[in-house]
Amino acid sequence: MSSTPDDSTAVIRKTALNAVHRKLGAKMVDFNGWDMPVEYPAGLIAEHLAVRSGVGIFDVSHMGDIRVSGRQALPAVQHITMNDASKLQLGQCQYSAMLYPQGTFVDDVIVHRFGENDFFFVINAGTREKDIAWVRENTRSFDCKVEHLSDDFTQIAIQGPRGVDVLQKLTDADLSKVKFYWFTRGTVCGLQDILIARTGYTAEDGFEIYVPTDTATSERVWNEVLAAGKEFGVLPCGLGARNTLRLEGKLALYGHEISDSITVWEAGLDRWLKMDKAEFIGRRSLERQQTDGVTRTLVGLEMIERGIGRDGYKVLDENGKQIGQVTSGSYAPFLKKNIDLAYVPLSHAKVDAVVGVEIRGNAVKAKVVPTPFYKRPKRS
Amino acid sequence: MAYPADLKYTKEHEWIKVEGDTGIIGITDHAQKALGDIVFVELPKPGATLTQGKSLGTVESVKAVSDIYAPASGTVTEVNQELNTAPEKVNADPHGAWMLKVKLSNPGEVKNLLSAADYEKFVAEEDGH
């Protein structure tokens, strides 16, 4: 990567694949200070559908990486995350989050267990500096080493039911042995010892590979993945499709469904919250909140009347009074519906409850629907 | 895509075709490209009054919401209902997929608008080419 890791907003950052995106004709946008492709000439809808039915590839090198290793790495990771990292086997990953003492979110993370006391966190682009500072500060009393590795990897996501077929052509690792949310290491495109994780942010099967960040290598791997995927109709996909894919799957986005003012209980992410493990940051508040109960909760909405509820739009009750807010809303390309994630009071959170979404001054009807909106079909 | 010479254009990327005292309104190829996949078009009903330069409705892609500004003043006589169910037609054929037909209240206003050649130049400058 061409910029320094701790230079937060002054300079627009570019991934090693920036020139490739431009050559492919991508529309570029500033995303959290990164110059990233939002869509390619095929268009967002085509990209979204490629991932649902075949395969699409994404440059997600803007995501950050932190490694925590050393004698007390496990207790350190247990202290700063809400899931139970002791349950992870070597080669396994888990969805987790780092929390503030209030039980709200520093960031959500994927924790990979490299060794007994060796963990690798994948973190969000927009929270990189905050996260690394948080991890350093809150692991200080443990005997472990914290490394900020965000600029060491070009991270390429190969997503969709045919992702496995594409990547298998390029690696000696037996991908049929790698289950969802597990990882392995292998030779990829001739590069040895590459991290290959069966993870993603599309609500689809897929892999994320972490290759060296120099431009020549990054471009070569990207182009080889595209070439290998040609027979499966692979499309390069931008952040636009990444957002609609994750929205259909109800995957949280930091700054939207989760933030420093939303608790784990409210976000409905308690499936990954392990209250039975030892102390961790946020636990005490979460215990109290569990007793008190929540007043608002994250629900899925589907527009009944014509209109698209967008991020930040107001949610209204039957009298037109604001009762909540849309956190993410869009046309959903696979479902062909207009959907939202929104925080609403419990009184309006039951499936089939009807609310209004304020669109350009009008209350447009929507109803609460079960989530995730999309669940990938089981494949043998 | 070439910009048809029989249309007039706005700097907000609408086009209008004038036939007698009727104006036919749509958005340009440049607009549809900038928006991406169009999934929603919201237009006024027949009888509504338009004022040149004022918002008449919205067009939404998956990513973005954008106002449509009236290229000329008048009264809406017809709305292209097809765009309710097939908004993607605006992407496929921007200068054919009309949105509104309007009875112009002041046909002279159209003189303020850009010719195809001038609009093309304007768009090229906006793109920094």
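**Exercises on chain A**

A:Pro372 lies in the segment that follows β19 (362–369) of chain A; helices (H or I, at least four residues) and strands (E, at least two) are DSSP runs, numbered from the N terminus. This is a predicted model, in which local features need pLDDT of at least 70 and side-chain atom pairs count only at pLDDT 80 or more, while totals for chains, interfaces and linings use all residues. Residues are numbered from 1 along each chain as its sequence is written, chains are lettered from A and ligands numbered from 1 in the order in which they are written, and side-chain values use heavy atoms, with hydrogens and water left out.

**Exercise 1. Backbone geometry**

Task: Determine whether the peptide bond from A:Thr371 to A:Pro372 is cis or trans, and examine phi of A:Tyr181 and of A:Asp193.

Solution:
1. Omega from A:Thr371 to A:Pro372 is near 0°, and the bond is cis.
2. A:Tyr181, although not a glycine, has a positive phi of about 65°. This residue belongs to the loop between α5 (163–168) and β10 (183–188) of chain A. Its relative accessible area is 17%, so A:Tyr181 is buried (under 20% is buried, over 50% exposed, in between partly exposed; 1.4 Å probe, protein chains only).
3. A:Asp193, also a residue other than glycine, has a positive phi near 60°. Strand β11 (residues 191–197) of chain A contains A:Asp193. With 51% relative accessibility, A:Asp193 counts as exposed.

**Exercise 2. Overall dimensions**

Task: Assess how the radius of gyration of chain A agrees with that of a compact globule.

Solution:
1. Chain A has 380 residues, for which a compact globule would have a radius of gyration near 21 Å (taken over C-alpha atoms; the rule is 2.2 Å times the number of residues to the power 0.38).
2. The value for chain A is 21 Å, which agrees.
3. Along the principal axes, the C-alpha atoms of chain A fill a box of roughly 65 × 50 × 50 Å.
4. Of the 380 residues in chain A, 61% are buried.
5. The chain contains 9 helices and 19 strands.

**Exercise 3. A helix pair**

Task: Classify the packing of α2(A) against α7(A) by angle and handedness.

Solution:
1. Helix α2 (residues 44–53) of chain A and helix α7 (residues 239–248) of chain A pack at about 50°, with axes 9 Å apart (lines fitted to C-alpha atoms over the stretch in contact; angles run from 0 to 180 degrees between N-to-C directions).
2. That angle makes α2(A) oblique to α7(A) (under 35 degrees is roughly parallel, over 145 roughly antiparallel, 65 to 115 roughly perpendicular, the rest oblique).
3. The crossing of α2(A) and α7(A) is right-handed (the near helix is turned clockwise from the far one by less than a right angle; anticlockwise is left-handed).
4. The contact (heavy atoms within 4.5 Å) involves A:Leu44, A:Glu47, A:His48, A:Val51 and A:Arg52 of α2(A), and A:Gly240, A:Ala241, A:Thr244, A:Leu245 and A:Glu248 of α7(A).

**Exercise 4. A covered helix and a loop residue**

Task: Establish how many residues of α3 (residues 73–80) of chain A are buried, and locate A:Ile304.

Solution:
1. In α3, 7 of the 8 residues are buried, and the helix is mostly covered. Among the buried residues are A:Leu74, A:Val77 and A:Ile80.
2. The cover of these buried residues includes β4 (64–69), β5 (93–99), β6 (105–115), β7 (118–123) and α4 (128–138) of chain A.
3. A:Ile304 sits in the loop between β14 (296–303) and β15 (314–316) of chain A, and at 48% relative accessibility counts as partly exposed.
4. Neighbours within four places in sequence aside, A:Ile304 contacts A:Val354, A:Lys365, A:Ala366 and A:Lys367.
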